[in-house]
Amino acid sequence: MGTGRFITVEGIDGAGKSTQLQALAQWLRERGLQVLVTREPGGTALAERLRELLLHQPMDALTEALLVFAARRDHLVQLIEPALAAGTTVLCDRYTDATFAYQGGGRGFDAAVLAQLEQWVQRGREPELTLWFDLDPALAAGRRAAARAADRFEAQDAAFFDRVRAGYAARCAAAPGRFVRLDAAAPPATVWAQIEDAMRARAWS
Ligand code: TYD
């Protein structure tokens, strides 16, 4: 059995990625693939505990970056790597692009330090495909307001999300072969059509 594919979804809070992720999992399963849907921070018991702290406990930027990567390390070792080795397709709701966008762009944390942590923690494990749900932060804020109470990230102001979006745009520009930018302002059916196109273009199913 070959190695499974590693696909991530990214975007600012409120871009609508979670619903489309479930649809993609279903689409892949209908084509006979074994699929694992997981998320970051989280995915394992330890990483889910770190997620609670990250979302609700005030902390400084370095602590935040270290906890994000600690959660990622546990997730990779315990769940993602074994699944890929077993031939399972892994769909992950956020991964390291989120760290460069939120901790790097949003918080202004040193990108060179993040790149060093990325190397230590991942040892080259990168997604093969990243679906970036790109959305104007003002539109995303409207969608979030209609949802549940904000966590430490969702409570940030518009300027923070402008920087996060710029962080994603920079990651996309640096890895154009891996990234697919989706217009997340479009109706859900149109966004889904863009995802299906991306999968078909790669002949992955
Ligand atoms: P999210 O994945 O959007 O979950 P939900 O849809 O349930 O809110 O929330 C996770 C938050 O964590 C999100 O605001 C972005 C943030 N985050 C980082 O700041 N850095 C990271 O590396 C990751 C993976 C997430």
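Helix α4 sits inside this predicted model: 11 of its 11 residues are buried, so the rest of the structure largely encloses it. The buried set runs through Thr96, Asp97, Ala98, Thr99, Phe100 and Ala101, and then on through Tyr102, Gln103, Gly104, Gly105 and Gly106. The cover over these residues comes from several places, including the strands β1, β4 and β5 and the helices α3 (61-85), α5 (111-122) and α7. Two of those helices, α7 and α5, have packing geometry worth spelling out.

Take α7 to begin with. The axes of α4 and α7 lie 8 Å apart and make an angle of about 135°. Angles over 145 degrees would count as roughly antiparallel, and the α4/α7 pair is therefore oblique instead. The crossing of α4 past α7 is right-handed. On the α4 side, the residues that meet α7 are Thr96, Asp97, Ala98, Phe100, Ala101, Tyr102, Gly105 and Gly106, and their counterparts in α7 are Phe160, Phe161, Arg163, Val164, Gly167, Tyr168 and Arg171. Sorted by class, this contact comprises eight nonpolar, four polar and three charged residues.

The pairing with α5 has its own geometry. Here the angle is about 155° and the axes are 11 Å apart, which makes α4 roughly antiparallel to α5. This crossing, too, is right-handed. Thr96, Thr99, Phe100, Gln103 and Gly104 of α4 make the contact with Ala111, Leu114, Ala115, Glu118 and Gln122 of α5. Its make-up by class is four nonpolar, five polar and one charged residues. Thr96 and Phe100 turn up in the α7 contact and again in the α5 contact.

The backbone on either side of α4 has some positive phi values. Ahead of the helix, in the loop between β3 (89-93) and α4, is Arg94. Its phi is near 80°, a positive value in a residue that is not glycine. Arg94 has 12% relative accessibility, so it counts as buried. Just after α4 comes Gly108, with a positive phi of about 80°.

Now for the nonpolar packing. The largest nonpolar core holds 38 residues, and Leu24, Leu91, Tyr102, Leu131, Phe133, Ile195 and Met199 have the most contacts inside it. Elements that contribute two or more residues are the strands β1 (6-11), β4 (129-134) and β5 (179-183), together with the helices α1 (17-30), α4 (96-106), α7 (158-174) and α8 (188-201). A second core, separate from this one, has 15 residues, among them Ile80, Leu84, Leu117 and Val121. Tyr102 links two parts of the picture: this α4 residue meets α7 and is also listed among the residues with the most contacts inside the largest core.

Met199 gives a closer look at that core. Leaving aside residues up to four places away in sequence, Met199 touches Ile7, Leu24, Trp27, Leu28, Leu129 and Trp204. Leu24, one of these partners, is itself on the list of residues with the most contacts inside the largest core.

Helix α5 also carries a residue on the outside, Trp120. With 52% relative accessibility, and with the cut-off for exposed at over 50%, Trp120 counts as exposed. Its C-alpha is 31 Å from that of Ile195, and 75 residues separate the two in sequence.

In the loop that runs from α5 to β4 is Arg123, another non-glycine residue with a positive phi, here about 45°. Arg123 is exposed, with a relative accessible area of 67%, whereas Arg94 counts as buried.

Two further loops deserve a mention. Pro41 is placed in the loop between β2 (35-39) and α2 (45-56), and the peptide bond leading into Pro41 from Glu40 is cis, with omega near -10°. Ala86 belongs to the loop between α3 and β3. At 41% relative accessibility, Ala86 counts as partly exposed. Along the chain, Ala86 and Thr3 are 83 residues apart, yet their C-alpha atoms are separated by 6.7 Å.

Conventions
Residues numbered from 1 in each chain as written. Predicted model: local features only at pLDDT ≥ 70, side-chain atom pairs only at ≥ 80, totals over all residues. Heavy atoms only, no water. Core = buried A, V, L, I, M, F, W, Y, C linked by side-chain atoms within 4.5 Å. Buried < 20%, exposed > 50% of the residue type's maximum accessible area, 1.4 Å probe, protein only. Helix = DSSP H or I, 4+ residues; strand = E, 2+ residues; numbered from the N terminus. Contact = heavy atoms within 4.5 Å. Axes fitted to C-alpha atoms, helices over the stretch in contact; angles between N-to-C directions. Parallel < 35°, antiparallel > 145°, perpendicular 65-115°, else oblique. Left-handed = near helix turned anticlockwise from the far one by under 90°. Nonpolar A, V, L, I, M, F, W, Y, C, P; charged D, E, K, R; others polar.
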